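Grab a coffee and work through these short exercises with the model open beside you. Try each task before you read its solution.

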Amino acid sequence: MISFVVALVLLVLGYVVYGKIVEKIFGPDDRPTPAVAKADGVDYIVMPSWKVFMIQFLNIAGTGPIFGAIMGAKFGPVAYLWIVFGCIFAGAVHDYLSGMLSIRHGGANLPDMVGTYLGKVTKQVMLVFSVLLLMMVGVVFVFSPAKILGGIWEPAFFVEQFGSYFFWIAVIFIYYIIATLLPIDKIIGKIYPLFAISLIFMALALMVVMFVKWPQIPELWQEFGNMGAEHFGAKSLIFPGLFITIACGAISGFHATQSPLMARCVKHEKQGRPIFYGAMITEGIVALIWASVAMYFFYQEPTPGYELVAGGKDALSDAPSVVNIMCKDWLGVAGGILAMLGVVAAPITSGDTAFRSARLIIADFLHFEQHSIRRRLSVCIPMFALAIALLVWQMSDIEGFNRIWNWFGWSNQTLSVFTLWTLTVYLVQNKKNYWITLIPALFMTTVCVTFLFVSPQAFNLPQTLSYAMGGIALAIAIIWFGVWKMRKAPSNLPPDGEA
């Protein structure tokens, strides 16, 4: 528990100290934000800063910092290091700067920002890449809550006529369509803060129980290696496996697709640090708490938690079940309700904002205004048709969910690589301290390339060769950046990223 307490303190200090440094480097000012200058009553709407924070937190969190932290905790307390340093120096910087850059570019979405700084070809790649990622998020976060709800209750008529889970899948998709089409303040602005509060309350309640119980969980100085390999025979490597498994809670490219949604609702630039950097630090704290709860579940001494709680032995590889079991055991009836919100409502709310982001990205590319419902439908109908086809394939293939989830994990972190390089180019061209994004960009480039070569779902090359390929990618990235920085012509972009 000492490692947990130290990590918690470091995350708070990271917001107070490093967050202030990053804010000073960017330099927020009093220029009109897109929410004011481009108000349209649909996507560009000024909302109270506390509400924007809550929506941003739930948009980027969902169940990511819960499920990812639980799976990442199998590596042992080394997960603390990635959550703390990844969140402070990579994830929160990534989220803050991508959100602020969107504000400076009139609420621009991620592909447009990438195109501005990395070129038109990269923009086209990012357009396809980000839309596919968002579609995967939506599909992944349809089936899992539908399955949980179907296990509780489902109309017999629908089960007999269409099979299991059809009813809840239909209900969730109908909600997605409504939430994607309506102005952001009508549904998202009203219910998201409530779900965000419940997610935070659940994490804080578990933290209080941990301090009361003070379980004997592994400390960093006791177990620094891959505990999963020793205790569970896990084959995943700490590098790069840990850095792909724990994305939300450390750094996640998906966040850069969500920050522009809230960049269109911020009234003043100086609200950016608590909203963007602060939401990521909050997510890191949630991930830290769940990683500790999971370490109790997997590794408490002398008896691991899964032997002490009902149904624990059946949930060693099932993160949603761990959430349900631990909440019910530690928090009682209230915990069961909060767990339901966590494993059902949170993924659904991540899914609808994913589809909303996809709609806006496609609409910007096609130059379709989104003020009229007809134009919004013209984007949504083919988008949801494709999503339904992807969902049908996932359900028809017994390994469909795992395949989509594995590729989602890698795609998610690869998206963060593109975003970090975009931010680095922006900082260089505006003569700001670019090291705050260059170092995370180089690290995540190495992680993603190494994972692509070592993963059984991709090239499945030997570990040594995969590490060599990751090292080569790192060297190429350093050389490419150095040559570009020396040869680049004076920027013809508007000063300081103005649109």
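**Exercise 1: the overall fold**

Task: find out what share of the contacts between residues at least 6 apart in sequence join residues at least 24 apart.

Solution. Keep in mind that this is a predicted model. Start with the pairs at least 6 apart in sequence that touch, with heavy atoms within 4.5 Å. Of these contacts, 81% join residues at least 24 apart. Now add the secondary structure: the protein has 19 helices and zero strands.

**Exercise 2: globule or not?**

Task: check how the radius of gyration of the protein fits with that of a compact globule.

Solution. First, the expectation: for 499 residues, a compact globule would come out near 23 Å. Next, the model's own value is 22 Å, so the two agree. The C-alpha trace spans about 65 × 55 × 40 Å along its principal axes. Finally, look at burial: 59% of the 499 residues are buried, taking buried as under 20% relative accessible area.

**Exercise 3: one asparagine**

Task: locate asparagine 226 and work out which backbone atoms its side chain reaches.

Solution. Step one, place it: asparagine 226 sits in the loop between α10 (188-213) and α11 (227-231). Step two, follow the side chain: one of its polar atoms lies 3.1 Å from the backbone nitrogen of glycine 228. The side chain of asparagine 226 also reaches the backbone oxygen of serine 236, at 2.9 Å. Step three, list the neighbours: leaving aside those within four places in sequence, asparagine 226 is in contact with Lys74, Phe75, Ser236 and Ile238. Serine 236 therefore turns up in both step two and step three, as a polar partner within 3.5 Å and as a contact.

Definitions and conventions:
Residues are numbered from 1 along each chain as its sequence is written. This is a predicted model: local features need pLDDT of at least 70, side-chain atom pairs count only at pLDDT 80 or more; totals for chains, interfaces and linings use all residues. Side-chain values use heavy atoms; hydrogens and water are left out. Helices (H or I, at least four residues) and strands (E, at least two) are DSSP runs, numbered from the N terminus. The radius of gyration is taken over C-alpha atoms; the globule rule is 2.2 Å times the number of residues to the power 0.38. Buried means under 20% relative accessible area, exposed over 50%, partly exposed in between (1.4 Å probe, protein chains only). A polar contact is a pair of N or O atoms within 3.5 Å; within protein, one must be able to donate a hydrogen and the other to accept it, and residues adjacent in sequence count only if both atoms are side-chain atoms.
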